[in-house]
Amino acid sequence: MNKTLYIILVVVAIALIAYNITLINFSDPFEGNSIVAIIGIMASLCAIVLILIFYTSKKIQKNIDEDQ
């Protein structure tokens, strides 16, 4: 996978976070669709973290392969 795909995936995850924020009822955030939106936000944040970890590990692997 290349850098462009990583950026696209992170942008999609950020867009999902933005959409889910609009679904939260801030007067009662733990009822109905608000809890589903919070779960969606948490899942998108986890996806971003995993993508960044994968990207960093690929950069480290590339540096190790160049040194050998």
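Helices in this account are DSSP runs of type H or I with at least four residues, numbered from the N terminus. The structure is a predicted model, and what follows describes the surroundings of selected residues in it.

**Buried polar residues**

Ser34 is found in helix H2, and with a relative accessible area of 2% Ser34 is buried, since buried means under 20%. Once its neighbours within four places in sequence are left aside, Ser34 is in contact with Leu23, Ile24, Asn25, Asp28 and Pro29. Asn20, by contrast, has its place in helix H1, and at 11% relative accessibility Asn20 also counts as buried. Not counting residues up to four places away in sequence, Asn20 touches Ala37, Gly40 and Ile41. The contact between Asn20 and Ala37 can be read from the other end as well, for Ala37, with its neighbours within four places in sequence left aside, is in contact with Asn20, Leu23 and Ile24. Leu23 and Ile24 are thus among the contacts of Ala37, and they are also among those of Ser34.

**The nonpolar core**

The largest nonpolar core consists of six residues, namely Ala13, Ile17, Ile24, Ala37, Ile41 and Ile48. Helix H1 and helix H2, the latter spanning residues 33-67, each supply at least two residues of this core, and the largest share, three residues, comes from H2. Two members of the core, Ala37 and Ile41, are touched by the buried Asn20, while another member, Ile24, is in contact with Ser34.

**The aromatic cluster**

Two aromatic pairs are present in the structure. In one of them, the rings of Tyr6 and Phe54 have centres 6.2 Å apart and planes at 70°, so the pair is edge-to-face. Because Tyr6 lies in helix H1 and Phe54 in helix H2, this pair ties together parts that are 48 residues apart in sequence. Tyr6 and Tyr55 also form an edge-to-face pair, with 5.0 Å from centre to centre and 70° between the planes. Tyr55 lies in helix H2 and Tyr6 in helix H1, so this pair ties together parts that are 49 residues apart in sequence. Tyr6 takes part in the pair with Phe54 and in the pair with Tyr55, and the three residues Tyr6, Phe54 and Tyr55 form one aromatic cluster. The accessibility of these residues is set out below.

| Residue | Relative accessible area | Class |
|---|---|---|
| Tyr6 | 7% | buried |
| Phe54 | 34% | partly exposed |
| Tyr55 | 24% | partly exposed |

**The nonpolar surface patch**

Phe54 belongs not only to the aromatic cluster but also to a nonpolar patch on the surface, which is formed by Met1, Leu5, Ile8, Leu9, Val12, Leu16 and Phe54 and has about 610 Å² of accessible area together. Helix H1, covering residues 3-23, gives the most to this patch, with five residues. Ile8, a member of the patch, has its place in helix H1 and is partly exposed, with a relative accessible area of 45%. Patches are made of residues with over 30% relative accessible area, a condition that the 45% of Ile8 meets, as does the 34% of Phe54.

Definitions and conventions. Residues are numbered from 1 along each chain as its sequence is written. This is a predicted model: local features need pLDDT of at least 70, side-chain atom pairs count only at pLDDT 80 or more; totals for chains, interfaces and linings use all residues. Side-chain values use heavy atoms; hydrogens and water are left out. Patches are made of residues with over 30% relative accessible area and no salt bridge: like charges are joined within 9 Å, nonpolar side chains (Val, Leu, Ile, Met, Phe, Trp, Tyr) within 5 Å. Accessible areas come from the Shrake-Rupley method with a 1.4 Å probe; for residues, only the protein chains shown count as cover. A salt bridge is a side-chain nitrogen of Lys or Arg within 4 Å of a carboxyl oxygen of Asp or Glu. Buried means under 20% relative accessible area, exposed over 50%, partly exposed in between (1.4 Å probe, protein chains only). A nonpolar core is a set of buried Ala, Val, Leu, Ile, Met, Phe, Trp, Tyr and Cys residues joined through side-chain atoms within 4.5 Å. Contact means heavy atoms within 4.5 Å. Rings of Phe, Tyr and Trp (its six-membered ring) pair if their centres lie within 6.5 Å; planes under 30 degrees apart count as stacked, over 60 as edge-to-face and the rest as tilted.
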